[in-house]
Amino acid sequence: MPTGANSSKKYTYVWVSLVILVFGIIFIPKIVNRLKGSSVVEDDRMSLGVAQQEVGFVINNGQKRKVPNFSFFNQDSLPISNTDYLGKVYVVEFFFTTCPTICPIMTTNLVELQETFEEYDDFGVASFTINPRYDTPSVLKKYAGKYEITDPDWHLLTGDRDAIYELAQEGFYVPVSEDTSVPGGFEHSGMFALIDKEGYIRSRMDTYGNPIIYYRGTVTEKQGVNAEGEPQQITMLKEDIKKLLLED
């Protein structure tokens with residue numbers, strides 16, 4: 001007959017075996033389904049070679065968010081509206097030409113996108129100035145020359161200040177304001193919005209299935225990570241632009 005000690009060990013082994021069995025029954029199928037459903041975190045994706053997440057829609061009050069109607073003048077003094085971008089995948093930014101901080105980095109990143117997709121007639125950029133009093137079409141034209149902006153579908157847009165601010169704050173929910181306490185005198189977001197061919201705002205999903213909504217435009221691929229520890233998202237944006245370009 002087993003001694004008390006041996007009997008205790010025996011029961012311990014039985015309980016351990018039972019726990020392992022229950023874990024296998026409950027969790028292993030979930031892990032397998034998680035892998036099949038491509039819901040693993042980004043690190044897992046890299047190691048497993050799982051296809052990247054799709055570019056989803058941004059939903060607000062149960063509706064897909066769409067770019068509101070707009071109409072402004074570009075660097076060639078030509079009227080440009082949201083309808084001019086229909087049938088194109090494009091990136092939206094809010095900037096100003098005298099910005100001494102993040103705007104030069106943002107423009108550099110957009111030029112990188114311009115070069116990456118130069119062979120695509122259905123790719124474009126919409127750059128809205130938040131300082132339209134200074135950024136006239138002629139000023140925007142010089143800025144385009146300085147940064148070698150050559151894509152005919154990259155419009156630097158200016159016009160009524162209130163209309164631009166309404167577009168930013170109520171159309172894209174990005175903060176813009178005049179603020180004499182910050183460098184350049186204007187506060188604004190350094191994020192890019194990605195728009196599909198039908199005018200819907202699109203976004204990669206995070207590991208929880210929620211849209212990231214916007215892409216960080218203030219860190220270059222070459223930098224990798226900025227001083228605040230924020231990683232670049234231009235590579236991600238390139239991948240998602242290409243996915244949308246391939247959509248029917």
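## Exercises on a predicted model

Let's start with helix H5, residues 161-171: Ile164, Tyr165, Leu167, Ala168 and Gly171 are buried there. Keep in mind that you're looking at a predicted model.

**Exercise 1.** Find out which strands the buried residues of H5 pack against, then look at what sits at the helix ends.

*Solution.*
Step 1: Follow the buried residues of H5 outwards, and you'll meet S4 (71-73), S6 (89-95), S7 (123-129), S9 (176-178), S10 and S12 (201-204).
Step 2: Go to the N-terminal end of H5, where Asp160 acts as a cap. One of its side-chain oxygens is 3.2 Å from the backbone nitrogen of Asp162.
Step 3: Now look just past H5, where Tyr173 has a positive phi of about 60°.

**Exercise 2.** Work out where the residues of the "binding site" annotation lie, and whether Cys103 and His188 are buried or exposed.

*Solution.*
Step 1: Get the residues from the record: the unreviewed UniProt entry lists Cys99, Cys103 and His188 under "binding site". They're spread over 90 residues of sequence, yet they cluster in space, with a largest C-alpha distance of 10.1 Å.
Step 2: Place two of them: Cys103 is in helix H3 (residues 103-116), while His188 belongs to strand S10 (residues 186-188).
Step 3: Check accessibility against the cut-off, which is under 20% for buried. Cys103 has a relative accessible area of 1%, so it's buried. His188 comes out at 9%, so it counts as buried too.
Step 4: List some neighbours, skipping residues up to four places away in sequence. Cys103 touches Phe95, Phe96, Tyr143 and His188. His188 has contacts including Cys99, Met106, Ile130 and Pro175.
Step 5: Zoom in on the His188 side chain: one of its polar atoms is 3.0 Å from the backbone oxygen of Phe94.

**Exercise 3.** Describe the surroundings of Asp240 in helix H6.

*Solution.*
Step 1: Locate Asp240 in H6, which covers residues 234-245.
Step 2: Use the same cut-off, under 20%. The relative accessible area of Asp240 is 0%, so this residue is buried.
Step 3: Look for a polar partner, and you'll find Arg204: the two side chains make a polar contact of 2.9 Å.
Step 4: Leave out neighbours within four places in sequence, and Asp240 is in contact with Val55, Leu194, Arg204 and Tyr215.

**Exercise 4.** Say where the pLDDT is below 50.

*Solution.*
Step 1: Begin with the whole chain: its mean pLDDT is 85, and 79% of the residues reach 70 or more.
Step 2: Then pick out residues 1-51, where the pLDDT is below 50. Beyond near neighbours in sequence, that stretch has 22 contacts in the model.

Note on methods. Residues are numbered from 1 along each chain as its sequence is written. This is a predicted model: local features need pLDDT of at least 70, side-chain atom pairs count only at pLDDT 80 or more; totals for chains, interfaces and linings use all residues. Side-chain values use heavy atoms; hydrogens and water are left out. UniProt positions are given in the numbering used here, feature names are shortened, and annotations may be inferred rather than shown by experiment. Helices (H or I, at least four residues) and strands (E, at least two) are DSSP runs, numbered from the N terminus. Buried means under 20% relative accessible area, exposed over 50%, partly exposed in between (1.4 Å probe, protein chains only). Contact means heavy atoms within 4.5 Å. A polar contact is a pair of N or O atoms within 3.5 Å; within protein, one must be able to donate a hydrogen and the other to accept it, and residues adjacent in sequence count only if both atoms are side-chain atoms. pLDDT is the predictor's confidence in each residue, from 0 to 100.
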